[in-house]
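Student: Before we begin, may I ask that each structural term be set against its definition?

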Amino acid sequence: MSENIALNVPVHVGIIMDGNGRWAKKRLMPRKMGHREGAKTFRTITRACKNMGIKYVTYYAFSTENWARPQDEVDAIMDLFEKYLDDVKSFADENIRIRFIGDRSKLTPSLQQKMADVEKFCEKFDSLDCFLAINYGGRDEIKHSVQEIAKKVQRGEISPEDIDEKLITENLYTAEAPPVDLIIRPSGELRLSNFLIWQAAYAEYYFTDILWPDFKPEDLEKAVKSFSDRNRRFGGV
Ligand code: IPE
Ligand code: IPE
Ligand code: MG
């Protein structure tokens with residue numbers, strides 16, 4: 001990858017893991033098989049992010065809207081998270097720190113416990129910061145931030161005039177990550193679907209028709225190359 005030396009690698013990449021269902025359908029398999037395959041891609045791509053020198057990666061795994069799916073599919077996805085979290089310690093040699101964003105209160109107590117265990121286990125790892133968005137919605141996250149700020153006002157710790165963009169950002173689930181530089185969405189859909197809507201205000205976007213289970217490190221490299229070739233102006237000239 002010597003040609004990558006001159007690449008401008010994004011610090012924070014957001015990935016919408018979409019297309020699992022269609023991947024399975026094409027193979028006449030149940031949708032949950034697509035999710036299982038997608039979980040394997042998650043591992044491969046996370047390693048590839050680390051190898052490319054990306055510092056933060058946030059994956060959209062389950063949205064606040066995904067509860068609208070048939071119960072058996074929701075159950076299959078939740079089972080997969082549980083199994084995956086049981087297995088995550090085998091990832092330890094990678095030195096990757098995994099954390100979760102989203103509203104955990106709707107998840108089962110056992111899943112919540114495993115999430116907390118994984119976060120504790122990975123706490124000191126520092127080669128890559130990986131956030132998994134589970135029961136995450138950008139609007140829900142902003143609502144939550146506003147509620148936290150309102151509590152501070154109510155306690156008299158701050159006044160309404162103290163509320164600025166920085167404070168809103170600091171009360172988001174992603175408070176410890178920088179703004180997202182590049183959002184990748186496979187599967188051919190051209191939308192955010194409520195992912196990182198605040199953080200992505202100045203992100204670059206990369207869309208591809210490849211379905212998530214088929215997404216390869218070469219596809220990540222293509223997305224990074226595309227990012228690297230762009231001119232970000234942030235409103236300037
Ligand atoms: C993304 O794949 C995974 C989740 C939303 C949990 P989909 O399940 O949305 O796959 P498609 O879009 O139906 O192909
Ligand atoms: C977005 O994918 C959510 C995740 C990948 C977790 P969806 O498949 O749910 O998005 P829509 O419904 O096509 O917008
Ligand atoms: Mg989808």
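The dialogue below takes up salt bridges, accessibility, strands and a surface patch in turn.

Tutor: This is a predicted model, in which local features need pLDDT of at least 70, side-chain atom pairs count only at pLDDT 80 or more, and totals for chains, interfaces and linings use all residues. Residues are numbered from 1 along each chain as its sequence is written, chains are lettered from A and ligands numbered from 1 in the order in which they are written, and side-chain values use heavy atoms, with hydrogens and water left out.

Student: What makes the contact of R47 and E94 a salt bridge?

Tutor: A salt bridge requires a side-chain nitrogen of Lys or Arg within 4 Å of a carboxyl oxygen of Asp or Glu. The N to O value for R47 and E94 is 2.5 Å, so the pair satisfies the definition. R47 belongs to helix α2 (residues 31-52) and E94 to the loop between α3 (71-87) and β3 (96-101), so the bridge ties together parts that are 47 residues apart in sequence. Helices (H or I, at least four residues) and strands (E, at least two) are DSSP runs, numbered from the N terminus.

Student: How many salt bridges does this rule give?

Tutor: The count is 24.

Student: Why is E94 called buried, and why is R47 called partly exposed?

Tutor: Buried means under 20% relative accessible area, exposed over 50%, and partly exposed in between (1.4 Å probe, protein chains only). E94 has 14% and is therefore buried, whereas R47 has 29% and is therefore partly exposed.

Student: Why is L190 called exposed?

Tutor: L190 is found in the loop between β5 and β6. Its relative accessibility is 65%, so L190 counts as exposed.

Student: How do you know that β5 pairs with β1 and with β6?

Tutor: Two strands pair if DSSP finds at least two bridges between them. Strand β1 (residues 12-16) and β5 have three bridges, in the parallel sense; β5 and strand β6 (residues 204-207) have four, also parallel. L182 of β5 stands opposite V13, and its bridge partner in β6 is E204.

Student: What makes E161, D162, D164 and E165 a negative surface patch?

Tutor: Asp and Glu count as negative, Lys and Arg as positive, and His and the chain ends are not counted. Patch residues have over 30% relative accessible area and no salt bridge; like charges are joined within 9 Å, and nonpolar side chains (Val, Leu, Ile, Met, Phe, Trp, Tyr) within 5 Å. D164, one of the four residues, has 40% relative accessibility and so counts as partly exposed.

Methods. Accessible areas come from the Shrake-Rupley method with a 1.4 Å probe; for residues, only the protein chains shown count as cover. The place of a charge is taken as NZ of Lys, CZ of Arg, CG of Asp or CD of Glu.
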